[in-house]
Amino acid sequence: MEAALTARDRVGVQDFVLLDSYTSEEAFLDNLRKRFRENLIYTYIGTLLVSVNPYKELDIYTHKKKELYQGVNFFELPPHIYAIADNAYRVMCTEYNNHFILISGESGAGKTEASKKILEFYAKTCQTTEQLQVVRDRLLLSNPVLEAFGNAKTLKNDNSSRFGKYMDIQFSYTGAPVGGHILSYLLEKSRVAHQNHRERNFHIFYQLLEGGDDELLRWLGLDRDPLLYHYLIQGECAKVSSINDKLDWKTVRKALSVIDFTDHDIDNLLGVVASVLHLGNIQFIADNHGRANITVDKQVRWISKLLGVHVLVLQEGLTHKKIEAKAEEVLSPLSVEQAVCARDALAKAIYGRTFTWLVNKINQSLANQDATRKTVIGLLDIYGFEVFDVNSFEQFCINYCNEKLQQLLIELTLKSEQEEYQVEGIQWEPIQYFNNKIICDLVEQKHKGIISILDEECLRPGEATDLTFLLRLEEKVPAHPHFLTHKLADQKTRKTMCRGDFRLIHYAGEVTYNVTGFLDKNNDLLYRNLKEVMCSSTNFIVKDCFVTSELDTKKRPETVATQFKYSLAGLIDILMSKEPSYVRCVKPNDAKQPGRFDNVLVRHQVKYLGLMEHLRVRRAGFAYRRKFDPFLKRYKMLCPDTWPNWHGPASEGVERLVKHIGYKQDEYKMGKTKIFIRFPKTLFATEDAYQASKNALVAKLQAKYKGKLQRGEFQKQKKAAIKIETCWRGIQARQDAGKRAWAVKVIKKFIKGFMLRNQPVCPENKEYLAFARYNYLMNLRKKLPKNVLDKKSWLKPPAFMATTSELLRKLQMRTLVRKYCRGISAQRKLQMQQKVVASTLFKGKKDGYLQSVTKPFSDSRLREEDINPKALQLIRNERIKYGVPVIKYNRNGFKPRPRQLLLMQNKAYIVEEEKLKQKIEYSTLKGVSVSNLSDGVFVIHVPCENNKQKGDVILQCDHVFETVTKLCTMASKQNSFNIVQGSLKFTIEPGKEGIVDFTSGHESQVFKGKNGHLMVVSPGHWGLDHAARHTPLAAVLRPTSEEGISLASGW
């Protein structure tokens, strides 16, 4: 992070905490603007990540980027969404606790994309198996399904989430994603029946009409044109060029299959979606008495078919309401206006409950079947603070949610700051901040809060309206500092408010709410007879959503605001139990244009996201903190005492460094493991000095290196020139004279040598003999035998080379044998090498060896499936070289227990079922002992100084020669191998020894003797093994083929 401070004037700082003017909103916006223009969309406020939507594709989400941020210290690399995800994952794995990542911001700020990037990061970087890949696919593909049913185009965003979503990703103890669970909050059901201008209904309606095949649409009774449906045309933008509904439909259909939806599930689900569209097209007309009648029953018949309800019952439910009068139930006809409201209420209820069913169905497919404890990382993708020209009930609930989350954010931030100070031994300085508990209490307080007053007005008998609700607010909350109405406001403020408004002063600023529709939206009532109609449905989804037990209770259902309050309280409890991470998403402009930074809009979001308040809390103490080691490593060149290397404690080195630089006492504090710097300017000055010192050092090194290179080159050229001048003239003359003298000498020696060729070697015939020898060897090279059986084609030598020729013939034979040996397979060669080691260890020393020679050694006597999976998990990072089942005898009672002996590269394990009973490091192995008899008992001697090794290990094995040979080879302990006769001492525990007695008998037995010794009886075969002690290994290993007759001598 410190390296990026060099370019801070151009690209800003990576962490807002390092701003000098941290209380200045202008400085905050300027830093954000600088980074945005350089395509640096991520910036930290401590551990909180601010993300600005670039409205274009950036090359920062590649697979290499995912690998780069995997397992890296949080502040080592530039800010990124992957750093947040990886930090939460690493802390979860190391500390085995739960985490959540809160993603918030305005519609269109990129919240949904941020949550997708986090899911993709975990999908690519976590360990995987075929089974885990199914879980990952379902986690990733749950997003397009929920987006189709819960997202819609709004004025601010083409893919705006119209619900809050909290997803728990469950991880196993090894850090692999094994399941998930989703909670949804406050779906905007009113969008089903009404959309504002230039807005659309939920995506699924358009995707079905655009992407569904003709046969499916015929079965659902739908036409492909969305303009034919009342619920899809109110926003006057059924088709949008930036949205590919047909492609999105294919993605949703694929996702439904992966998430384990059957064809029957999908048919019923699409039937519900189509029935909502048909509901919107039902029209009413008043008869002579003002009662509502359905004009055309075509749509009703389609709904009847799709939902499996009777046509007449449905018609009656849409045009009448059931009134209970004492013990009687009376059907009262509805007016046209009431019938339209009932129709819309039914459509919203069906869609809202189906959405809840869909979330539950996805949760079933994501559920982890393993009951063991799991750690989770939660992703909370929730609406940000909303302020429109006209704010209604939905904005009231959303802003109340943000008040609670802001309260949680400040509390957890203060808590983490205070804990860090306490751990480092720094005195905590109380921080002054705005505590918005007073606003939360104003909304949610029992009996006195706005929600309680709203519920009372909804339940009050008589003519309750939105205005009577406002009057009750003025009566019960008359003098609250954060509450105003037109009546309670002063003369100046009244000019900015209507009589049906009330104003709340939130943590982020003032918001004026219009009470129109508050009671209806809070009640969200559906006529009882319509519920009865839905309960009779044969569509299993509708039947699950409308249960008959709901009809049996006379209790009025909880209001929407109360349900939201309770679910929000539950969410806060969930978040309080986890470690937090935060992502605040910012929208740079309303036009969705890349590169455009709207100061007014961004300032508005910075205010309503509470970023300045969070920055103020983070900066109330120290702006920068860093561990001693990385701080000293970076800046050590600034002090002569610490450069080039500091050999003392890092804390002392940092103390000496900052004193040399000239830090004042109030500019820093020394913690236990970190240095805390109060002001960013102190850090900036240090970084600037570091850069200047680094540049000077580099320039000096370059100058020295270049000078050395030039001097070396000059000396080299000078020496070459001198040597050429002194030698060249004499070379030619000497060469000519030498050639003539050499020719005369050679001719004379050749003639004299030929004359004396049969005499002993002397100076006169030496050269000739060498020439003859050379000729013979050259001719011999062309006529060498091709195989070991060719003994007649050897070239006859001169008399003086007879001995040499014989030696060469033997050497050629050995070469042919060697080539033959090299042609042996690697496995056969390894077998023979191991047999050689076995011969060295056992030949002539232990009975039964001869019988084992002809039996090939096995790579392992245990298959992988023979070893307990949990034991394999414990040694998963090590490769098993050899495994064999053994009997282990306890050192005290000599009780036999079945075990498995696993030999690794550097150690051996003794395994019992799923436990690693003992680990034996080869480096500490003292030796291995066996008897000279034919038993399978061997003792592994280990040192007792280590508490983990309590004494020597007594094992019995059916393949003792093979096992001991492989153990001695892997541990390089051939010199520590011992064969004993009669008895063997072994260490039971430090200071205590035991004895194993070996005897011969008629049958094999191992038991505890009366003398307390371990008695090992083996049948005797002395005569056979005595012969083996005098049988060469080569005779046993000699191949039977004629071609390999000489293998034994070659070996």
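**Stop 1: helices α32 and α35**

Select Gln834, Val837, Ala838, Leu841 and Phe842 in α32; they meet Phe961, Val964, Thr965, Lys966, Cys968 and Thr969 in α35. By class, the residues of this contact are seven nonpolar, three polar and one charged. Keep in mind that this is a predicted model.

Now show both helices in full. Helix α32 covers residues 826-842, and helix α35 covers residues 960-971. How are two packed helices described? By the angle between their axes and the distance between the axes. Here the angle is about 100 degrees, and the axes lie 10 Å apart. Angles of 65 to 115 degrees count as roughly perpendicular. So α32 and α35 are roughly perpendicular to each other.

**Stop 2: helices α8 and α11**

Next, select residues 203-211 for helix α8 and residues 263-280 for helix α11. Their axes come within 11 Å and cross at roughly 100 degrees. Therefore α8 and α11 are also roughly perpendicular to each other.

Which residues of α8 meet α11? Ile204, Phe205, Leu208 and Leu209 do, and their partners in α11 are Leu270, Val273, Val276 and Leu277. Colour this contact by class: eight residues are nonpolar, with no polar and no charged ones.

**Stop 3: helix α17**

Move to residues 450-459, which form helix α17. Is this helix mostly covered or mostly open? Mostly covered: eight of its ten residues are buried. Pick them out one by one: Ile450, Ile451, Ser452, Ile453, Leu454, Asp455, Glu457 and Cys458.

**Stop 4: the cysteines**

How many disulfides does the structure hold? Zero. Try cysteine 397, which is in no disulfide. The nearest cysteine sulfur belongs to cysteine 401, and it is 9.4 Å away. A disulfide needs the two sulfur atoms within 2.5 Å.

Now check the surroundings. Cysteine 397 is buried, with a relative accessible area of 2%. Cysteine 762 is partly exposed, at 22%.

**Stop 5: the whole chain**

Zoom out. The protein chain has 38 helices and 31 strands. Its radius of gyration is 44 Å, well over the 31 Å that the globule rule gives for 1051 residues, so the chain is more spread out than a compact globule. Along the principal axes, the C-alpha atoms fill a box of roughly 150 × 90 × 70 Å.

Colour by burial to finish: 49% of the 1051 residues count as buried. Then turn on contacts. Of those with a separation of 6 or more, 64% join residues 24 or more positions apart.

Note on methods:
Residues are numbered from 1 along each chain as its sequence is written. This is a predicted model: local features need pLDDT of at least 70, side-chain atom pairs count only at pLDDT 80 or more; totals for chains, interfaces and linings use all residues. Side-chain values use heavy atoms; hydrogens and water are left out. Buried means under 20% relative accessible area, exposed over 50%, partly exposed in between (1.4 Å probe, protein chains only). Helices (H or I, at least four residues) and strands (E, at least two) are DSSP runs, numbered from the N terminus. Axes are lines fitted to C-alpha atoms, for helices over the stretch in contact, and angles run from 0 to 180 degrees between N-to-C directions. Angles under 35 degrees count as roughly parallel, over 145 as roughly antiparallel, 65 to 115 as roughly perpendicular and the rest as oblique. Contact means heavy atoms within 4.5 Å. Ala, Val, Leu, Ile, Met, Phe, Trp, Tyr, Cys and Pro count as nonpolar, Asp, Glu, Lys and Arg as charged, and the others, Gly among them, as polar. The radius of gyration is taken over C-alpha atoms; the globule rule is 2.2 Å times the number of residues to the power 0.38.
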